[in-house]
Amino acid sequence: MSYTKINRLPYSIGTNQVRFVDEAKEFVKCHTSDLAFNECVRAGLQSAIPHLAMGIPSLGLRKMDPLRISKLGIDQGIQSIKLRLNFKDLDIINMRSLIIKKATYDPLNYGMSIESEAQKPIILQGLYEMNGQILVLPIMGNGRCKISLENFKLTGILQMTQSLKNGSIFLEIHDLSWKFTTSRINIKFDNLFNGNKVLGNHMNNFLNENWRELFDEMQSGFEQALSFTFMGIIQQFLNQVPLKQIFND
C-alpha cells in the first residue's frame, strides 16, 4: 500500500489559453494523418522534457526535475519483509535525462503508451522514518536518505477521455500506470538505530547486498507513487492545452 500527496490544478480555461500560444511554440504538434505520426509523438515528448523539467510557471506547471513527492508511505507486511517506511519531501533527481525510446497514441480511443530510459542514475533523496524487519534483521531509523537507481527504464500507459470546456476539447486522464526496472539500487539511510554508526553501516551494507529482494517487495509502492505524481503533472498540462493544440487531423 502506498500514498502520495500531490497538488493538482482544477480546470482553468480562458486566460491561460492565451499564455499557451507563446508557450506552445516550444512544443511539437503532430498530425494524426502523418504516416510517421507515432514518431512525431515520440519526438514531441522528447522535446518537451527539458521544458517540463524546468517547469512552466505561466501554465501552473511545477518543475519535473527535481520532482518533489511531499509524502510517500510503504507498509509492507509479507513474511520476509515487515516494514513501515515513510518518506517526506522526497526529491526525484535526473528525470530530465529520460530518453523516449518509443511512443504510440491512439487518436480514436485516446490511449498512449511510452517507453523511456534514463541516461543518468535516478536519485531519490529526502527524509525518511521506518521501523520493522527486513529478511531476518530488525531495522529502525529516521533522518536523511539517498537511493540511486542505475539503468532506470520507465514504461507508462495512459488512458484518457475527452471533455468539452468552453467550446474546446481537452483530454482528461482516466487511468495511468507506470512500471520501471533498474539494474542496481544503491541505498544510504542516515541515523539508523538512533545514530549507531556501527549498526547503521552494517545495515546499509546489508541492504545494498540484498537490494534485489527489497526492490521486488517495494517496487509496486514506488510505481504507484510515480503514477499518482505523473498523473498530476500531465493533467496540469492537459488542463491548459486544447486537444487541437497537441494533435491535429
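Two strands are taken to pair when DSSP finds at least two bridges between them, and with that in mind the tour of this predicted model can begin at its sheet.

Select residues 98-106, which form strand β5, and residues 168-181, which form β10; these are the edge strands of an open sheet, each pairing on one side only. Adding β6 and β9 completes the sheet of 4 strands, whose order is β5-β6-β9-β10 and whose pairing is antiparallel. If you look across the strands, the twist averages 20° from one strand to the next.

Next, select strand β9 (residues 153-165), which pairs with β10 in the antiparallel sense over 13 bridges. At Lys-165, look for the bridge partner in β10, which is Ser-168. Now bring in helix α4, which packs on the sheet and touches β9 and β10, its direction making about 160° with that of β10. Then show helix α2 (residues 37-54), which lies across β5 and β6 (111-118) and runs at about 135° to β5.

For the interior, turn to the largest nonpolar core, which has 70 residues, and select Phe-87, Tyr-105, Phe-152, Leu-154, Phe-189 and Phe-247, the members that touch the most others. Helix α4 (residues 211-240) supplies the largest share of this core, with 12 residues. In soluble globular proteins, nonpolar side chains tend to be buried together.

Finally, centre the view on Tyr-105 and display its contacts: leaving aside residues up to four places away in sequence, Tyr-105 touches Phe-37, Asn-38, Val-41, Tyr-110, Gly-111, Met-112, Met-160, Leu-171, Leu-243 and Phe-247.

Terms used. Residues numbered from 1 in each chain as written. Predicted model: local features only at pLDDT ≥ 70, side-chain atom pairs only at ≥ 80, totals over all residues. Heavy atoms only, no water. Core = buried A, V, L, I, M, F, W, Y, C linked by side-chain atoms within 4.5 Å. Buried < 20%, exposed > 50% of the residue type's maximum accessible area, 1.4 Å probe, protein only. Helix = DSSP H or I, 4+ residues; strand = E, 2+ residues; numbered from the N terminus. Contact = heavy atoms within 4.5 Å. Axes fitted to C-alpha atoms, helices over the stretch in contact; angles between N-to-C directions.
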